[in-house]
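The following exercises concern the surroundings of two ligands in one protein model. Each task is followed by a worked solution.

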Amino acid sequence: MVEVSTLNTLIIPAYNESSNIGRVLQVVIGMRDDFQEVVVVDDGSTDQTSDVSLQYGARVIRLETNQGKGGAIAAGLRACGTPFLTLLDADLIGLRPDHLRLLAAPVLQGEAAMSMGIFSAGRKRTDWAQKVAPSITGQRVLRRELLETMPGLANARYGVDYALTAHAKRMKLPVAEVILHDLTQIMKEEKLGLTKGFAARLKMYWEIFRVMGK
Ligand SMILES: O=c1ccn([C@@H]2O[C@H](COP(=O)(O)OP(=O)(O)O)[C@@H](O)[C@H]2O)c(=O)[nH]1
Ligand SMILES: O=C(O)[C@@H](COP(=O)(O)O)O[C@H]1O[C@H](CO)[C@@H](O)[C@H](O)[C@H]1O
């Protein structure tokens, strides 16, 4: 039987996440039976994201300038060769190994081409966001062909999640939604303060809107 660890790479796109990424890395870095590699793509951060990630033993790909989430994922894809990829946001709170195994199961077992993780019982605000729009979750496991064939990946910025879900639908591929209990993430307003956070949120909505209908 083929070892799962030779099949799956974990890719974490990260932009200025030095205060958050350690919480995620300390959970995933020991999962040697599950991932061939843990790759952090530091998307032109101006903080210590790369140094912190290296301290936890992750492989770090450092982009000189900020490319946006889609560009960071594209760089991670180019840097690995496994047939399956796991994508995670760097700012999760409450992540456990069983979340990742639950998320991977439908794809590794061939029932789905992609699975999408939906927060539940994490926090009201983030649960609600994913109930309303499950297609924009950052927690996914997918077959690499899906990313390789996605048009405009490198320029999609925050539109990448919406575009990936739409791409799978267009290709008529089976997608699984997996409930991830007790998981949440840090909101932009918490990272950047109310005014800057809200401005970043509006920019994110614009980047998602741009890919809709493409
Ligand atoms: O230009 C960017 C913006 C975001 N991200 C990463 O993409 C993930 C999701 O972004 P963010 O946390 O801002 O979104 P939220 O989870 O708040 O929606 C996080 O790991 C970010 O660090 C990135 O790599 N490049
Ligand atoms: O839930 C949401 O409304 C957004 C913004 O989350 P925050 O409130 O800033 O944590 O987060 C989701 O959408 C982003 C864009 O597609 C993805 O990058 C995130 O992974 C996803 O959680």
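**Exercise 1.** How many residues surround ligand 1, and which are the closest?

*Solution.* The model is a predicted one. Step one is the count: ligand 1 is surrounded by 17 residues. Step two is to name the closest, which are P13, E17, D43, D91 and Y158. Step three sorts the shell around ligand 1 by class, giving 7 nonpolar, 3 polar and 7 charged residues.

**Exercise 2.** Determine which elements supply at least two residues of the shell around ligand 1.

*Solution.* Strand 1 (8–14), helix 3 (68–78) and helix 8 (188–192) each meet this condition. The largest share belongs to helix 3, with 3 residues.

**Exercise 3.** Identify side chains that make polar contacts with ligand 1, and state how much of the ligand is covered.

*Solution.* A pair of N or O atoms counts as a polar contact within 3.5 Å. The side chain of Y158 places an N or O atom 2.4 Å from an oxygen atom of ligand 1. For the side chain of N66, the corresponding distance is 3.0 Å. Q185 has a polar side-chain atom 3.3 Å from an oxygen atom of ligand 1. On its own, ligand 1 has 510 Å² of accessible area, of which the protein covers 91%. As to location, ligand 1 sits in the largest pocket.

**Exercise 4.** Describe the shell around ligand 2 in the same manner.

*Solution.* First, 16 residues surround ligand 2, and the closest are K69, D89, Q185, K188 and R201. Second, the shell around ligand 2 comprises 7 nonpolar, 3 polar and 6 charged residues. Third, ligand 2 sits in the largest pocket. Helix 5 (124–132) and helix 9 (194–211) are the elements that contribute two or more residues to this shell.

**Exercise 5.** Distinguish side-chain from backbone contacts to ligand 2, and give its buried share.

*Solution.* On the side-chain part, a polar atom of D89 lies 2.4 Å from an oxygen atom of ligand 2. On the backbone part, a polar atom of K188 is 3.0 Å from an oxygen atom of the ligand, and a polar backbone atom of I186 is 3.2 Å from an oxygen atom of ligand 2. Ligand 2 taken alone exposes 500 Å², and the protein buries 96% of that area.

**Exercise 6.** What confidence scores accompany the model?

*Solution.* The model scores ipTM 0.92 and pTM 0.95. For the protein chain, the mean pLDDT is 93, and 97% of its residues reach 70 or more. Where pLDDT is low, predicted coordinates should not be read in detail.

Key: Residues are numbered from 1 along each chain as its sequence is written. Chains are lettered from A and ligands numbered from 1 in the order in which they are written. This is a predicted model: local features need pLDDT of at least 70, side-chain atom pairs count only at pLDDT 80 or more; totals for chains, interfaces and linings use all residues. Side-chain values use heavy atoms; hydrogens and water are left out. A residue is near a molecule or strand if one of its heavy atoms lies within 4 Å of it. A polar contact is a pair of N or O atoms within 3.5 Å; within protein, one must be able to donate a hydrogen and the other to accept it, and residues adjacent in sequence count only if both atoms are side-chain atoms. Accessible areas come from the Shrake-Rupley method with a 1.4 Å probe; for residues, only the protein chains shown count as cover. On a 1 Å grid over the protein atoms alone, a cavity is a set of points where a 1.4 Å probe fits but cannot get out, and a pocket is an open set with protein on both sides within 12 Å along at least five of seven lines; lining residues have an atom within 4 Å of a point. A molecule sits in a cavity or pocket if more than half of its atoms lie within 2 Å of its grid points. Helices (H or I, at least four residues) and strands (E, at least two) are DSSP runs, numbered from the N terminus. Ala, Val, Leu, Ile, Met, Phe, Trp, Tyr, Cys and Pro count as nonpolar, Asp, Glu, Lys and Arg as charged, and the others, Gly among them, as polar. pLDDT is the predictor's confidence in each residue, from 0 to 100.
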